[in-house]
Every structure is written in structure tokens, then in C-alpha cells.
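Dear colleague,

I am passing on the structure we spoke about, and my notes follow below it. Please read them with the model open beside you.

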Amino acid sequence: MAAAKRAPAEELDVDGVPVRLSNPDKIYFPRLGEDGGTKRHLVEYYRRVSTEFGAPILAALRDRPTHLQRFPDGVGGEEIYQKRAPAKRPDHVATCEITFPSGRTADALRVRSAADVVWAANLGTLTFHPWPVRCGDTDRPDELRIDLDPQPGTDFGDAKAVALEVVRPLLDELGLTGFPKTSGGRGLHIYLRIVPEWDFVGVRRAGIALMREIERRSNGRATTAWWKEERGERLFLDYNQNARDKTIASAYSVRRTPVATVSTPLTWDELVDAEPDDFTLATVPDLLAKRGDPMADLDAHAHSLDVLLEMAERDEAAGLGDLPYPPNHPKMPGEPKRVQPSRDADRSKDG
């Protein structure tokens, strides 16, 4: 059988900037097929959310160092997680320098325009992973991220319940404004805009204090336990999402799922009845056209971390110190041993 003929490349006009679209008919989402799952559908989605509806994905990515999660052959193909900006790139694509936990540096993509987003989508980028910093100061985050990560035996419904019944009332009590979004999978993310006055260590410390308080109020439904063997059937509060070089799928990023789900910002009221598969490459543009972007005024709510750092001090006075860092970090001051509890000879001896 003769191979299917490839459609020729096209040139798109993205806010006056020419951007190449290659292999537009390649199937990226086989379940959606030719009518909704091609590379053209993916690129057109990113063109729309970066040029229409107030350009919400630009608000999520603009001036942030950004990693690219690429699937050049679609969701069934090889994944390329690209931290460094491609060496071969058009003149409109800029970079900014980031420093990894190892001390090494790299030039990451610096999104500044819709053309940058569409160019990256043409490379097979499904998901954009921005750092919680701006390129003007890549050592001081302006975002604290709460990640409600369902573990085996739990699901999106559990994450939603903890978000609505525990996290939202707690944030209100603390005078903090949280902005929820679906992860595009089974989890939930809640963003807090913060004043960029603390480094990653300070923001992570504040995040740990907040996660511990969520854990205490969750009635056994959520945990900060780093080791999987200790989590049980509870939501994991991934405090390390606030560590250096840890990223979360951006708002309005497409995810590697059969139906092309999108990590979608919601109002707290919308969250009550939300289901992850409701928000896809096909449905999100219509939702934006109907009610706009719930994260549109995120920047207007930049908070101090003082209240959370006071909570951290109280926890530390009560004997609750630091928690383990991700494995790509060097051993950090005050960090406990990075040893799986069941393999910790000292703990076994004490027990």
C-alpha cells in the first residue's frame, strides 16, 4: 500500500508574524481522528488562546522561562521534555537564563508573543511548563502553587472536595486569594500570586506550612508524606512543586490524554460541578468566549508570605522541620534524610 501523501507546509499569520505549520494533517490524538485530533487542530487551538479571548495563555506564560513537553508524533509517540530552547529558532523567539539546582545554567524559552506559542505548538508541544518566576529575576518566584495530586484509590472528586471544603475556607481565613484550575488529569492546581521578595527556599517553606495546615484540616483525606508507601489512599499535597526547577502544566495547556484535555482555570463556583474531561481542545475556546478567563486578574492579587512564614515558625517550634527535596536537588540545610522509610535502618532500629 502506498504511503499517505503528506499535506504541504503552510504559513500562518499570527498577529502579523509568519509562523510555519508543517504536516498539518498528522494525527496527534487518534481517538479524535481527522475531525478533531490533527496537528492543525492543536496549532489552531494555541493560535486562538494566544490571540483571542484576551490571550489567556499569554497571561500564563509571558516573560516566564518555559519548558516544552513535546510529542512530535502525537500522544502515542515519543515524549521530548525540553528544558533548553531549541538552538534553531526564528528571530522572534527569545530566551532567558535559568539556574538548575545543580548550579548549571541554561537558556530556556521566554514567551513574549502569540507567535512564540504557535511556533512551539508546531514543534509538537502539547504542554507548556512555565517556571513560577519572571525572566527579570529568575531566583524569586511570584507564584505559590498548591498541587492536589490524587493517589491510587482517590480521584478528581476527592481533590475537588478538599479544594472546596478545606483549601478555599483556609485561604479566605488567611486573607489569600486562590485561583483553581484543573490539571487536565485527575488533579487540581490552585495558584497564589505572591510578591517576589523571597527565594525558592523561602517560598517552599511557606508552601510547606500551608500544605501542613491543609493536611491537618482535611480529616485524613490529604497528606504531605513524600514517600509513596506512607501516603495511603489520600491526596498528596505536593509541596515540592514550589522547589527550584519544578514546573506545572500552564493554564490552557493541552495534556497527553486521549481526548486532548486542557488544564483549565475555573471559578470556585464552576469547580463544584466540574469534571476534567469537560475541558478539552475542542470545548475550551467556546467556554472562554462565553465567560472569559477566571485568572484574568490574578496579577492584581499579589500577597505577602508573612502569614504563611509565621505558620512555618510555629510548626518549627513544635518540632516540625523541613521535608525531603526532589532527588535532583543537592542535600539542603536542615533537610531530613532522603531514605525510603521501609529501607531506613536507623528508623527500623529505633522501632
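**Helix 8 and the aromatic residues**

Asp306 lies in helix 8, which covers residues 306-317; please keep in mind throughout that this is a predicted model. With a relative accessible area of 46%, Asp306 falls between the cut-offs of 20% and 50% and is therefore described as partly exposed. Together with Glu197, Glu310 and Glu313, Asp306 forms a negative surface patch.

Ser304 is placed in the loop between helix 7 (284-291) and helix 8. Ser304 is likewise a partly exposed residue, its relative accessibility being 33%. Although 110 residues separate Ser304 from Ile194 in sequence, the C-alpha atoms of these two residues are 5.9 Å apart in space.

Turning to the aromatic residues, the structure contains six aromatic pairs. In one of them, that of Tyr45 and Tyr46, the ring centres are 5.1 Å apart and the planes stand at 70 degrees, so this pair is classed as edge-to-face, the cut-off for that class being an angle over 60 degrees. Tyr45 and Tyr46 also belong to one aromatic cluster, which they form with Phe128.

How buried or exposed are Tyr45 and Tyr46? Tyr45 has a relative accessibility of 2% and so counts as buried, while Tyr46, with a relative accessible area of 0%, is buried as well.

With best regards

Definitions and conventions:
Residues numbered from 1 in each chain as written. Predicted model: local features only at pLDDT ≥ 70, side-chain atom pairs only at ≥ 80, totals over all residues. Heavy atoms only, no water. Patch = residues over 30% accessible without salt bridge, like charges linked within 9 Å, V, L, I, M, F, W, Y side chains within 5 Å. Areas by Shrake-Rupley, 256 points an atom, 1.4 Å probe, with all protein chains shown as cover. Salt bridge = Lys/Arg side-chain N within 4 Å of Asp/Glu carboxyl O. Lys, Arg positive; Asp, Glu negative; His and termini not counted. Charge placed at Lys NZ, Arg CZ, Asp CG, Glu CD. Helix = DSSP H or I, 4+ residues; strand = E, 2+ residues; numbered from the N terminus. Buried < 20%, exposed > 50% of the residue type's maximum accessible area, 1.4 Å probe, protein only. Phe/Tyr/Trp six-rings, centres within 6.5 Å; stacked < 30°, edge-to-face > 60°.
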